[in-house]
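Here are a few short exercises to help you find your way around a new structure. Try each task on your own before reading its solution.

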Amino acid sequence: MAVKIKTLAGTIEITNEVIATVVGGAATDIYGIVGMASKNQIKDNLNGILRKENYSKGVVVRQEENGVAVDVYTIVSYGTKISEVSRNVQEKVKYNLETLLGVTANSVNVFVQGVRVLPD
């Protein structure tokens with residue numbers, strides 16, 4: 001499924017893969033986020049941190065009437081305030097979707113899949 005935006009010159013179609021990549025990039029820019037986690041760790045056989053080319057495995061995009069709903073699966077750094085980091089992810093994802101793609105994010109749900117201790 002894709003988001004379609006009608007303009008005077010024609011139609012712009014943005015796939016869920018593109019939306020997931022933008023969401024993953026925005027989420028990993030936040031201080032306290034170590035990386036993205038797979039939404040189906042058992043099915044995907046991935047227990048580690050996803051790389052940039054696999055961000056779509058850690059993001060679920062659902063189309064709604066007036067925008068999209070996004071689920072983001074993250075791994076946070078030990079010692080950070082998880083609620084604050086998650087709120088920052090929500091704000092940055094919503095901002096990036098609206099400014100970069102012109103897509104309205106109705107909801108951004110952050111799921112913390114793990115906590116990592118980073119070496120000093």
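**Exercise 1. Work out what share of the contacts in the protein chain with a separation of 6 or more comes from residues 24 or more positions apart.**

Step 1. Keep in mind that you are looking at a predicted model.

Step 2. Take the contacts in the chain with a separation of 6 or more; residues 24 or more positions apart account for 63% of them.

Step 3. Now set this beside the chain's make-up: three helices and six strands, in the order β-β-α-β-α-β-β-α-β from the N terminus on.

Step 4. Finish with burial and surface. Of the 120 residues, 38% are buried. The chain exposes about 7300 Å², and carbon and sulfur atoms supply 50% of that area.

**Exercise 2. Find the strands that pair with β5, and say which way they run.**

Step 1. Begin with β3 (residues 33-36): three bridges join this strand to β5, and the two run antiparallel. Here methionine 36 stands opposite threonine 74 of β5.

Step 2. Go on to β4 (residues 59-64), which is antiparallel to β5 and joined to it by six bridges. Valine 61 has valine 70 in β5 as its bridge partner. Two residues lie between β4 and β5 in the hairpin they form.

Step 3. Turn to β6, which runs parallel to β5 with ten bridges between them. One pair to look for is aspartate 71 with asparagine 109 in β6.

Step 4. Trace the unit made by β5, α3 and β6: a β-α-β arrangement that is right-handed.

**Exercise 3. Decide whether strand β5 is largely enclosed or open.**

Step 1. Count the buried residues in β5 (residues 67-77): eleven of the eleven qualify.

Step 2. Draw the conclusion: because eleven of eleven are buried, β5 is largely enclosed by the rest of the structure.

**Exercise 4. Sort asparagine 96 and valine 117 into buried or exposed.**

Step 1. Locate asparagine 96 in helix α3 (residues 82-101). Its relative accessibility is 13%, and buried means under 20%, so asparagine 96 counts as buried.

Step 2. Look at what surrounds asparagine 96: leaving aside neighbours within four places in sequence, its contacts are Val22, Ala26 and Leu101.

Step 3. Move to valine 117, in the segment after β6 (105-116). With a relative accessible area of 62%, and exposed meaning over 50%, valine 117 is exposed.

Step 4. Finally, spot the nonpolar surface patch that Val117 forms with Tyr78, Ile82, Val112 and Val115; together they have about 480 Å² of accessible area.

Note on methods
Residues are numbered from 1 along each chain as its sequence is written. This is a predicted model: local features need pLDDT of at least 70, side-chain atom pairs count only at pLDDT 80 or more; totals for chains, interfaces and linings use all residues. Side-chain values use heavy atoms; hydrogens and water are left out. Helices (H or I, at least four residues) and strands (E, at least two) are DSSP runs, numbered from the N terminus. Buried means under 20% relative accessible area, exposed over 50%, partly exposed in between (1.4 Å probe, protein chains only). Contact means heavy atoms within 4.5 Å. Patches are made of residues with over 30% relative accessible area and no salt bridge: like charges are joined within 9 Å, nonpolar side chains (Val, Leu, Ile, Met, Phe, Trp, Tyr) within 5 Å. Accessible areas come from the Shrake-Rupley method with a 1.4 Å probe; for residues, only the protein chains shown count as cover. A salt bridge is a side-chain nitrogen of Lys or Arg within 4 Å of a carboxyl oxygen of Asp or Glu. Two strands pair if DSSP finds at least two bridges between them. A crossover is right-handed if, with the strands pointing away from the viewer, the path from the first strand over the helix to the second runs clockwise.
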